[in-house]
Amino acid sequence: MNIHEYQAKELFVKYKVPTTIGGVANNTEEALKVAKEVIGENGPWVVKAQIHAGGRGKAGGVKFLTDIKKVESFTQDLLGKTLVTHQTGPEGKVVKKVYVQEGIDIEKEFYLGIVLDRQNEMPVMMASTEGGVEIEEVAEATPEKIIKINIDPAIGFQGFHGRELAFGLGLPKSDINTFIKFASALYTMYMDLDTEMIEINPLVQTPDNRFVALDAKVGFDDNALYRHKDIEALRDLGEEEPTETEAAEYGLSYIKLDGSVGCMVNGAGLAMGTMDTINYVGGTPANFLDVGGSASAQTVAKGFEIILKDKNVKSIFVNIFGGIVRCDRVANGIIEATKITKINVPVIVRLDGTNAKEAAEILNNAGISNIITATDLADGAKKAVAHAK
Ligand code: GDP
Ligand code: MN
């Protein structure tokens with residue numbers, strides 16, 4: 001789960017990670033109130049679009065302002081506007097809130113982030129002097145400009161971690177302790193809140209030598225949200241893929257992708273294998289969908305309905321392994337599901353495991369013209385890809 005910049009900055013304040021002063025606004029009145037009462041009559045102010053995507057600056061969603069009238073007019077311009085950034089996709093995201101922030105004098109821009117390093121099985125903190133620009137580009141073109149340090153949770157964040165990062169950034173001696181304090185507070189927040197990622201781009205240094213988080217991107221581990229009810233309350237469903245939210249309500253794990261072959265699979269591992277095989281035979285998966293262990297007519301019908309909401313889907317590959325759930329029951333479930341949800345694309349079905357033979361007979365005898373049976377995973381993937389083209 002991701003949150004907005006203004007929410008992330010409220011958490012920074014709680015964890016003593018120095019950040020900007022400011023507040024959220026839903027309309028121009030609220031924006032003016034924050035500008036005058038929280039920041040001050042004389043500014044300067046920065047008005048920033050609140051959407052779950054970076055790259056707002058380049059897309060015209062962030063503006064430094066010295067005239068209070070402009071705070072009002074720019075807020076007016078932003079609210080309701082669709083912002084297209086390199087992270088939103090071509091459809092963009094509608095701005096519903098802005099964050100009004102104090103305008104800060106910038107001496108130097110850095111990058112500072114912390115994520116889970118799955119290879120080394122511990123958090124990794126990353127810093128770079130190339131702040132303010134797309135870090136993905138830095139990682140691609142000049143990876144040596146990103147300093148990485150693993151932090152073993154058994155010992156926690158220590159001074160030497162901070163010094164290694166600070167030396168790597170070439171900070172003068174006089175700045176090292178302030179930087180270590182900053183990074184240490186960030187690590188505490190990362191661990192405490194079960195975050196998956198915290199990214200500060202840019203982390204700025206001011207002319208009076210303070211480190212300030214100018215931007216804030218925070219993502220949480222969904223599987224740990226149950227122990228952070230206050231964090232869960234920060235969820236903004238308006239920023240999430242509506243079909244993913246709907247699927248979750250029915251106990252289906254669905255992730256929308258941008259290919260053309262819809263996938264309905266039981267088990268996360270088989271779902272990944274199915275997507276890989278589709279890619280391997282030259283196709284592109286439209287989604288990840290794990291229908292779970294039961295694969296009843298209702299869940300299968302719901303699965304079809306959700307997959308078909310995506311207009312890019314040209315065929316559907318149903319790949320279900322009958323272990324506890326018998327294939328003949330799944331086959332009947334699929335036939336039932338086609339009565340509940342109207343399906344207008346070819347459906348390629350591969351059922352294997354318990355009673356697979358009976359299942360194939362049931363499907364072949366059902367006389368549903370757009371159901372095509374497959375003998376194994378490769379056969380199914382090839383047929384699904386061929387029908388999508
Ligand atoms: P992003 O484009 O979505 O990553 O949004 P950011 O919060 O990073 O803002 C974009 C850019 O606006 C930053 O990289 C800064 O260059 C600039 N900016 C934002 N706030 C301030 C500020 O207080 N002072 C100055 N001088 N520039 C700012
Ligand atoms: Mn940024």
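This passage walks through the predicted model, from the overall chain to a four-stranded sheet, the ligand sites and two buried lysines.

Taken as a whole, the chain has 389 residues, and 49% of them count as buried. Its secondary structure comes to 13 helices and 18 strands. Along the principal axes, the C-alpha trace spans about 80 × 50 × 40 Å. Looking at contacts between residues at least 6 apart in sequence, 68% join residues at least 24 apart.

A handy place to start is an open sheet of four strands, paired antiparallel in the order β1-β6-β2-β3. The edges are taken by β1 (22–25) and β3 (62–65); each has a single partner strand, so one side of each is left without a neighbour in the sheet. From one strand to the next, the twist averages 20°. Strand β1 runs antiparallel to β6 (residues 98–102), and four bridges join the two. One residue to look at here is V24, whose bridge partner in β6 is Y99. Two helices then pack on this sheet. Helix α1 (residues 5–14) touches β1, β2 (45–49) and β6, with its direction at about 45° to that of β6. Helix α3 (residues 68–78) touches β2, β3 and β6, and its direction makes about 5° with that of β2.

Helix α1 deserves a second look. Seven of its 10 residues are buried, so the helix is largely enclosed by the rest of the structure. Those buried residues are E5, Y6, Q7, A8, K9, L11 and F12. Just after the helix, K16 takes a positive phi of about 60°. Within α1 sits K9, a lysine with a relative accessible area of 3%, which makes K9 buried. On the polar side of things, the K9 side chain makes a polar contact with the side chain of T20, at 3.0 Å. Setting aside neighbours within four places in sequence, K9 is in contact with T19, T20, K48, Y99, Q101, A213, L214, D215 and A216. Y99 in that list is the β6 residue that bridges to V24.

Two more residues from the K9 contact list, K48 and D215, turn up again at ligand 1. This ligand is surrounded by 18 residues, of which the closest are K48, R56, G57, I104 and D215. A polar side-chain atom of K48 lies 2.6 Å from an oxygen atom of ligand 1. For D215, an N or O atom of the side chain is 3.0 Å from an oxygen atom of the ligand. The backbone also comes in: a backbone N or O atom of G55 lies 3.1 Å from an oxygen atom of ligand 1.

D215 has a second role in the picture, at the manganese ion (ligand 2). The ion is coordinated by N201 through O and by D215 through OD, at 2.2 Å. N201 lies in strand β10 (residues 195–205), while D215 lies in the loop between β11 (211–213) and β12 (217–220), so the pair ties together parts that are 14 residues apart in sequence. N201 itself is buried, with a relative accessible area of 15%. Put together, D215 contacts K9, lies among the closest residues to ligand 1 and coordinates the manganese ion.

Further along the chain, strand β14 (residues 261–265) has five of its five residues buried, so this strand is largely enclosed by the rest of the structure. In a regular strand, side chains alternate between the two faces of the sheet. Accordingly, V261, C263 and V265 point one way from β14, G262 and M264 point the other way, and all are buried. Strand β14 pairs with β16 (residues 315–322) in the parallel sense, over five bridges. In that pairing, V261 stands opposite S315 of β16.

The other buried lysine is K302, found in helix α10 (residues 297–308). Its relative accessible area is 11%, so K302 falls under the 20% cut-off for buried residues. Leaving out neighbours within four places in sequence, K302 is in contact with E246, Y250 and L252.

Technical notes. Residues numbered from 1 in each chain as written. Chains lettered and ligands numbered in written order. Predicted model: local features only at pLDDT ≥ 70, side-chain atom pairs only at ≥ 80, totals over all residues. Heavy atoms only, no water. Pairing = 2+ DSSP bridges. Axes fitted to C-alpha atoms, helices over the stretch in contact; angles between N-to-C directions. Contact = heavy atoms within 4.5 Å. Donors = N, O, S within 2.8 Å, 3.2 Å for Na, K, Ca; no water. Buried < 20%, exposed > 50% of the residue type's maximum accessible area, 1.4 Å probe, protein only. Near = heavy atom within 4 Å. Polar contact = N/O pair within 3.5 Å; in protein donor to acceptor, adjacent residues only side chain to side chain.
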